[in-house]
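Please open the model in your viewer and keep the selection panel at hand. The tour below proceeds by selections, each followed by an account of what is found there.

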Amino acid sequence: MEERRELLLDVRNLKTSFSTFLGEVEAVRDVSFSVGKGEIVGIVGESGSGKSVSVLSVLKLLPDNGVVKGGTVEFNGRNILPLPEKEMRRIRNNQIAMIFQDPMTSLNPTVRVGKQITERLRAFQKGLSEREAQKRAVELLEMVHIPDAARRIRAYPFEMSGGMRQRVMIAIAIACDPKLLIADEPTTALDVTIQNQILKLLRSLKNDIGSSIILITHDLGVVAETCERVVVMYGGMVMEEGTAEEIFYHTAHPYTMGLKRSIPDVTEMKGERLYSIAGYPPQLINPQKGCPFADRCQFAMGVCRKYIPDYHFLSDTHRSMCWLLDPGCPNKAWKEEM
Ligand code: SF4
């Protein structure tokens, strides 16, 4: 795919596996994607699609049984995969920050939120006095729109709502002025109103602190208004990638179409059941031959079960991995049939 953007992160042909009692789980299979400077990129897919494992591989935060088996991860023009743990820790401390799904498991419930922010600040900025760190912590809480920040800094996490706790997590993440912020399902545990507020906050932070953002989610609706680019993953592979407009208005993969149909449309639903893609994600121990989506795809043909399709490039920024896009495919009307 031709790239004209200035890249911050460029992941190429990443392969990650886990050893288990049942065999080797090929969780990430030849995944490539990139994040431009100042861009918000959404990585979308169901549980087990490989989206979180891909970013944990980038950060070298895999559990002990996980191993990156191939590929390159260029961050700011440098392949960081071969770096020793000490240097990776430095990158994780002050260049790439992560926001996890459940703030209650990431925040220490027995420590005031202000202390948790100042500890992060002082670990990152050696020589910062406690007083300066306190002042900066209040500023950070204000940046994430926590009202009455000077007082709230003394609160414990359990004294805050779920949305407030997620804002505190974001404040901790941006304390080190990261170049890249990775948000892994940051709104899953929140109700719709708070979810929208957090997404709005992420968008505004991109402008305020100039970070690039990776937003990992199972919900294509979440990326619709937040992301500039979207990577759709399934079975450890990238099924489709494009700008948000290409993914939503020029959808070119049956799996992406299924995800799109799963977004509830409250203006049209009249007591109908919510759409869901029938079947289950594929098993990744000795994965089946051919397209990983074949068992759930209504358009699957003989060739789909035998060979993995190549990527078809629909524009400089849009690619999709599906036999339906092959010029020789007899089904020319699949989009209308969906
Ligand atoms: Fe469906 Fe075949 Fe396309 Fe896979 S390659 S998404 S099975 S049509």
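Begin with the largest pocket of this predicted model, whose volume is about 420 Å³. Select Q195, N196, G221, V222 and E225, which are the closest to the centre of the pocket among the 14 residues that line it. Two elements, α8 (192-209) and α9 (220-224), each give two or more residues to this lining, and α8 gives the most, with six residues. Coloured by class, the lining of the largest pocket shows six nonpolar, four polar and four charged residues.

Next, stay with helix α8 and select L199, which lies in it. Is L199 buried or exposed? Its relative accessibility is 5%, and because buried means under 20%, L199 counts as buried. If you then add G290 to the selection, you will have two residues that are 91 apart along the chain, and their C-alpha atoms are separated by 36 Å.

Now select H218, in the loop between β8 (212-217) and α9. With a relative accessibility of 39%, H218 counts as partly exposed. A distance drawn from the C-alpha atom of H218 to that of T188 should read 8.9 Å, although the two residues are 30 apart in sequence.

Move on to the second largest pocket, in which about 330 Å³ of space lies. Of the 13 residues that line this pocket, M98, F100, R120, M169 and I172 are the closest to its centre and make a convenient selection. At least two residues of the lining are supplied by each of α2 (85-94), β6 (96-99) and α7. By class, the lining of the second largest pocket divides into nine nonpolar, two polar and two charged residues.

One of those contributors, helix α7, deserves a selection of its own: choose residues 162-174. How many of the 13 residues of α7 are buried? Twelve of them are, so the helix is largely enclosed by the rest of the structure. The buried residues of α7 are G163, M164, R165, Q166, R167, V168, M169, I170, A171, I172, A173 and I174; M169 and I172, both in this list, were also in the selection made for the second largest pocket. With the helix still selected, compare its length with expectation: at 1.5 Å a residue, the 13 residues should span 18 Å, and the C-alpha atoms at the two ends are 19 Å apart, which agrees.

Then turn to the enclosed space. Rolling a probe the size of a water molecule over the atoms shows where empty space is left. The structure holds one cavity of 30 Å³ or more, and the largest cavity has a volume of about 100 Å³. Of the 14 residues that line the largest cavity, select P254, C291, C297, C304 and C322, the closest to its centre. The residues of this lining comprise 13 nonpolar, one polar and no charged.

Finally, display the ligand, which sits in the largest cavity. Which residues are the closest to the ligand? They are C291, C297, C304, C322 and W323, from a surrounding set of 13 residues. Coloured by class, the shell around the ligand has twelve nonpolar residues, one polar residue and no charged residues. C291, C297, C304 and C322 therefore appear in two selections of this tour, as residues closest to the centre of the cavity and as residues closest to the ligand.

How values were computed:
Residues are numbered from 1 along each chain as its sequence is written. This is a predicted model: local features need pLDDT of at least 70, side-chain atom pairs count only at pLDDT 80 or more; totals for chains, interfaces and linings use all residues. Side-chain values use heavy atoms; hydrogens and water are left out. A residue is near a molecule or strand if one of its heavy atoms lies within 4 Å of it. On a 1 Å grid over the protein atoms alone, a cavity is a set of points where a 1.4 Å probe fits but cannot get out, and a pocket is an open set with protein on both sides within 12 Å along at least five of seven lines; lining residues have an atom within 4 Å of a point. A molecule sits in a cavity or pocket if more than half of its atoms lie within 2 Å of its grid points. Ala, Val, Leu, Ile, Met, Phe, Trp, Tyr, Cys and Pro count as nonpolar, Asp, Glu, Lys and Arg as charged, and the others, Gly among them, as polar. Grid points are joined across faces, edges and corners, and a volume is the space filled by probe spheres set on the points. Helices (H or I, at least four residues) and strands (E, at least two) are DSSP runs, numbered from the N terminus. The expected span of a helix is 1.5 Å times one less than its number of residues. Buried means under 20% relative accessible area, exposed over 50%, partly exposed in between (1.4 Å probe, protein chains only).
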